[in-house]
Amino acid sequence: MIEKLQPFFSILPQVKSPEHRIAFKEKLKWTAVILVLYFILAQIPLFGLSEFAVDQFASLRAVLAGSFGSILTLGIGPIVTASIVLQLLVGGKIIKLDLSKHEDKAVFQGTQKLLAIIFTLFESLVLVLTGAIAPQSPDFVWIIILQMTIGGILVIFLDEVISKWGFGSGVGLFIAAGVAQQIIVGSFNILPSPTTPGIPAGNIPAFIYSLTTGQPTFDLLIPVIAVIGVFLVVVYAESMRVEIPLSYGGVKGARGKYPLRFIYASNMPVILASALLLNVQLFANIFQRLGFPILGEISQGQAISGLAYYLTPPLGLDVIFTDPLRVAFYGIVFTGMCVLFAVLWVEISGIGPKKVAKQLHGMGMQMPGFRSSRGQFEKILKKYIPAITVLGGAFVGLLAFGADLTGALGGGTGVLLTVGIVYRLYEEIAQEQLMDMHPMLRKFLGD
């Protein structure tokens, strides 16, 4: 069925893949250029937007990597939504694709791009026609939809440039850039606060100001301390791993270890779970507009009842006491979704026991004390990979949920994602730089 979409893939604009291995400096250049372009686009305002428009998805803004009120209002939402739909279809065997095969992987990527473009238009229509993005007048409705659609499509292609010519992925880079900006501005902004004139907007300058008045407000430091706490916990968790001893059958005495990270599925489960919650609120808006608020009621851009309300991230420690049922419900559902998406991500991205066993056996590796066979590899890996996938998914879900409750600058989920993204980006850059210095490593690593 999905093969019938292939004629559409050929007419979709695409970023040309490099024909040669990209040098370290060239990758760095493309990454920097795309990051600058992203920040420039985020400053272009939506022409015709009402000054009274409210950001309905402010609690998820860090994960969306978008800038409300700009042409990048949608951020990476359509890309992640397309990824969720495809993961569920492929994971449920509704669409049969073997992503270890080049042809099937190309079909998967083409379908994901096509779906992302469709969701860009769909989300633009929904947000504007339901009033979540309010125009100045009815005359500006289609103009705003067009601007948001163009911005969303630009993000899709910026992400593709990063994936092919730069470091990491555009999705991760844009999240990290947006959250880092929020943390720096929220911590050190010395300009007056719009809500409390005369007091600096940044938490640290505001705290220093409170000291000069003789009434220190230590609550101002909680979001800053929460950022540092999440940073330390994630860095420690990223360093945790199970190491499986290996030996190379072709070279006597050559031994090594295959590391299985504790956060095995990376931070993708949190991104996917957060995007799914965004779509719950999106559809709540649609149903309310149609006169059937089956997912809950939305008022002034915020969910106030129903499933949409209980699946809105609770922010602030005071919510634990004022609405404990909502906190418990959200925490259980969010963590459960993170575990589900971790399992799906591991299978679809080709890092499950079966695929890893095939890779290691094909490289001539064997485990000391065990018979060298692909089945033996798979049997041993099945003892570890499923367990750390579930535990790692639950861990990042609970950590993101807990960090959101502290009111960490940039959003707890955003800080968690940013630390993980930057950590892995650092590893990729270090590996790339090492291979540039020692070209023989490329042959050994199969690059």
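Start by selecting helix α8 (residues 203–212), whose buried residues are N203, P205, A206, F207 and S210; here buried means under 20% relative accessible area, exposed means over 50%, and partly exposed lies in between, with a 1.4 Å probe and protein chains only. Helices, which are H or I runs of at least four residues, and strands, which are E runs of at least two, come from DSSP and are numbered from the N terminus. What you are viewing is a predicted model, in which local features need pLDDT of at least 70 and side-chain atom pairs count only at pLDDT 80 or more, while totals for chains, interfaces and linings use all residues. Residues are numbered from 1 along each chain as its sequence is written, and side-chain values use heavy atoms, with hydrogens and water left out.

**Around helix α8**

Keep α8 selected and add its partners: the buried residues of α8 pack against α7 (170–188) and α9, where contact means heavy atoms within 4.5 Å. Now look along α7 and α8 together, which pack at an angle of about 10° with their axes 3 Å apart; axes are lines fitted to C-alpha atoms, for helices over the stretch in contact, and angles run from 0 to 180 degrees between N-to-C directions. The two helices α7 and α8 are therefore roughly parallel to each other, since angles under 35 degrees count as roughly parallel, over 145 as roughly antiparallel, 65 to 115 as roughly perpendicular and the rest as oblique. To see the contact itself, select G186, S187 and F188 of α7 together with N203, I204 and P205 of α8. Sorted by class, this contact of α7 with α8 has 3 nonpolar, 3 polar and no charged residues; Ala, Val, Leu, Ile, Met, Phe, Trp, Tyr, Cys and Pro count as nonpolar, Asp, Glu, Lys and Arg as charged, and the others, Gly among them, as polar. Before leaving, select G214, which follows α8 and has a positive phi, near 85°.

**From α9 to α15**

Next select helix α9 (residues 222–239) and helix α15 (residues 374–406), which pack at an angle of about 170° with their axes 9 Å apart. That angle makes α9 roughly antiparallel to α15. On the α9 side, show I222, A226, V230, V233, V234 and A237, which meet F395, L399, A403 and T406 in α15. By class, the contact of α9 with α15 has 9 nonpolar, 1 polar and no charged residues.

**Two residues of α2**

Move to helix α2 (residues 24–41) and select W30, which has its place there. Is W30 buried, partly exposed or exposed? At 29% relative accessibility, W30 counts as partly exposed. Leaving out residues up to four places away in sequence, W30 touches V161, I162 and W165, and the C-alpha atoms of W30 and W165 are separated by 6.4 Å although the two residues are 135 residues apart along the chain.

Stay in α2 and select Y38, which is buried, with a relative accessible area of 5%. With residues up to four places away in sequence again not counted, Y38 touches A65, G66, L72, F174 and A177. The side chain of Y38 reaches the backbone oxygen of A65 at 2.5 Å.

**Two positive phi values**

Follow that link to A65, in the loop between α3 (61–64) and α4, where A65 is buried with a relative accessible area of 5%. Most residues other than glycine have a negative phi. Phi of A65, however, is positive, near 55°. For another such case, select S266, whose phi is also positive, near 55°, and which lies in the loop between β2 (255–261) and α10 (268–289).

**The whole chain**

Finally, colour the model by pLDDT, which is the predictor's confidence in each residue, from 0 to 100. The protein averages a pLDDT of 82, and 90% of the residues score at least 70. Among the elements, helix α17 (residues 440–445) has the lowest mean pLDDT, 47, and helix α6 (residues 141–165) the highest, 92. Over residues 443–447 pLDDT stays under 50. Zooming out, you can find 17 helices and 5 strands in the protein, and buried residues make up 49% of its 447 residues.

Key. A polar contact is a pair of N or O atoms within 3.5 Å; within protein, one must be able to donate a hydrogen and the other to accept it, and residues adjacent in sequence count only if both atoms are side-chain atoms.
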